[in-house]
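Biologist: I keep running into labels on structures and wondering where they come from. Could you take me through a few and show me the reasoning?

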Amino acid sequence: MAEDCQFTVEDLHCPVCCEVFDVPVTLSCKHSFCKICVQTHWDCRGTRQCPLCRCTERASRPPINLALKIASDVFKKKPEQFRVKSEFCSIHNQELKLFCRKDAEFICVVCTTSRGHRNHDYCPITEATSDIMKVLTARYNPLKKHLTTFKKLMGSLKELEAYIQKQAAKTAAEVKQEYEKLYTILREEEAARLMVLQNESDNKTEVVREKLEQVNKSIEELSDIINYIEPIITADDLTFLKECKEAIKRTKYTVPEPEYPTRALIDVSLYLGSLKHGVWKRMESDVSYCSVHFDPNTAHPNLIIRDELTTISYGENQQLPDNPERCMGSMAVFAASGFNSGKQRWDVEVAHSKEWYVGVARVSIKRKTAVFLNPAEGFWVIANNEESYWAQTSPRTRLTLKKKPQVITVELDYDKGKVSFSNAADGASIYTFKEKFTERIFPYFATGINIGNTLRICAL
């Protein structure tokens, strides 16, 4: 019966799962697969393509190959009735049943005692296939993961490129609005700042575009390798072993480390932070100066920043990139400048926020997940929640204040390791943290989630 059967043993195995067919279906390109395997492949890819030749299949439910199903069912019961596709040794005219690991070629039983393969390491073809498949798969799977990572990064970089343009345009508009108040004597100053902004926008956009080109190149190189390997993995054992050497060679491709660029966004504080101070001598009576201002690139998307980066308010969520510097775990924002020495002082108006958190934080705090605002986590903060005042120690320390503060004075003495809080109205001490600082410290601000909650940095 083996001679009469139209199918060989190889014909009865699905190219995807490598198992004997359960319910075989045949596509219009004449390739056959298990019904579940081809459907799963389509669901993962999102397109109806043949796993082998990539031809598009028009039928959403390809027909069952009845003859192949009957043969598969018979094979499961009586496998000895089916013939195996074989090749024969060109020297000894014997069936090639073994694989020489040293020479990476098929040999017959007689070859094992011949001069060319004597004392070589050889094994049955199925065993060689299994061993090499493990090696190839171990290298192939990480490449697929890297490809997915690069594709995801590419999408993020495209969004970043678009946002940089949008952010640059928005910043330019705000710069123009501020300069409009002083335009009669500030035309040259405005033009100069906008030119710097445009240069930074062009430079940072170019950096992102170069990164996109690098990522696109990595995606193309990885895709070429994977597209070369995929048909080999799904091929029959003989084809697989013929091609596996080159496939393994290609998997030695060194995958560059995918990374999202830091500090890629426009340095808005350079253009909007204390903008008027640059012309203070000419406009002294009309200029106020803040030593601290908010950094929009660190602000939670619900925080609206205005008034030359000195006021934040809780509002509707904005579509902002999730860059590494941005706070996402709390309704917070950092100041644009940090400190690693000396004494600093700033006043924060808290009268228009029912809930607020004011103090300093380490530059290395976790920004994407919720954390406890205490010194162990890198925060030295006091808080107010519906008229209840706290020092964010561990556990929290409740504060008893004689007067409700409208403006909080924060004093940082980095060298002595002190962060002091007081009521700006009368200088009454509220709380003092003592700590040995080891890294850069930034002013830290957060609001509650009530619409209109507002904090403002007061001018000196």
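Modeller: Sure. Let's start with a word we'll need a lot: buried means under 20% relative accessible area, exposed means over 50%, and partly exposed is in between. Keep in mind that this is a predicted model.

Biologist: Okay, then why is Leu309 called buried?

Modeller: Leu309 has 3% relative accessibility, and buried means under 20%, so Leu309 counts as buried. You'll find Leu309 in the loop between β6 (303-306) and β7 (311-314).

Biologist: What makes the phi of Leu309 worth a remark?

Modeller: Its sign. Phi of Leu309 is near 65 degrees, which is positive, and Leu309 isn't a glycine. Most residues other than glycine have a negative phi.

Biologist: Cys18 is marked in a similar way. What is said about its phi?

Modeller: Cys18 isn't a glycine, yet its phi is positive, about 65 degrees. Cys18 is placed in the segment before β1.

Biologist: And is Cys18 buried, exposed or partly exposed, and how do you know?

Modeller: Cys18 has 45% relative accessibility; that falls between the 20% and 50% cut-offs, so Cys18 is partly exposed.

Biologist: On to helices. Which residues of α1 (residues 35-45) are buried?

Modeller: In α1, Cys37, Val38 and Trp42 are buried.

Biologist: How do you know that the buried residues of α1 line one face?

Modeller: Look down the axis of α1: the buried residues fall within an arc of 130 degrees, so they line one face of the helix. The face turned away from that buried side has Ile36, Asp43 and Cys44, which are exposed. What covers the buried residues of α1 includes β1 and β2. Just after α1, Gly46 has a positive phi of about 75 degrees.

Biologist: What about the span of α2 (residues 66-77)? How does it fit what is expected?

Modeller: Helix α2 has twelve residues and reaches 17 Å from first C-alpha to last, while 16 Å is expected at 1.5 Å a residue, so the two are close.

Biologist: Which residues of α2 are buried?

Modeller: Leu68, Ala71, Ser72 and Phe75 are the buried ones. Seen down the axis of α2, they fall within an arc of 100 degrees, so they too line one face of the helix. There's a general reason to expect such patterns: an α-helix has 3.6 residues a turn, so residues three or four places apart point the same way. On the other side of α2, Leu66 and Lys77 are exposed. What covers the buried residues of α2 includes β1 (24-26) and β2 (32-34).

Biologist: And what happens at the start of α2?

Modeller: There, a side-chain oxygen of Asn65 comes to within 3.3 Å of the backbone nitrogen of Ala67. The cut-off for a polar contact is 3.5 Å, so this counts as one.

Biologist: Now rings. How many aromatic pairs are there?

Modeller: The count comes to eleven aromatic pairs, going by ring centres within 6.5 Å.

Biologist: Why is the pair of Phe99 and Phe106 called edge-to-face?

Modeller: Their ring centres are 5.8 Å apart and their planes are at 65 degrees; edge-to-face needs over 60, so the label fits. Phe99 counts as buried at 3% relative accessibility, and Phe106 counts as buried at 15%.

Biologist: What makes Phe421 and Phe433 edge-to-face?

Modeller: Here the centres are 6.1 Å apart and the planes are at 75 degrees, so this pair is edge-to-face. Phe421 lies in strand β15 (residues 418-423) and Phe433 in strand β16 (residues 429-434), so the pair ties together parts twelve residues apart in sequence. Both Phe421 and Phe433 are buried.

Biologist: Last one: why does Arg367 count as sitting over the ring of Phe334?

Modeller: The charged end of Arg367 sits over that ring, 4.2 Å from its centre. The distance cut-off is 6 Å, so Arg367 passes it. Phe334 also belongs to one aromatic cluster with Phe379, Phe442 and Tyr444.

Key
Residues numbered from 1 in each chain as written. Predicted model: local features only at pLDDT ≥ 70, side-chain atom pairs only at ≥ 80, totals over all residues. Heavy atoms only, no water. Helix = DSSP H or I, 4+ residues; strand = E, 2+ residues; numbered from the N terminus. Buried < 20%, exposed > 50% of the residue type's maximum accessible area, 1.4 Å probe, protein only. Arc of directions from axis to C-beta. Contact = heavy atoms within 4.5 Å. Polar contact = N/O pair within 3.5 Å; in protein donor to acceptor, adjacent residues only side chain to side chain. Phe/Tyr/Trp six-rings, centres within 6.5 Å; stacked < 30°, edge-to-face > 60°. Lys NZ or Arg CZ within 6 Å of the ring centre and 35° of its normal.
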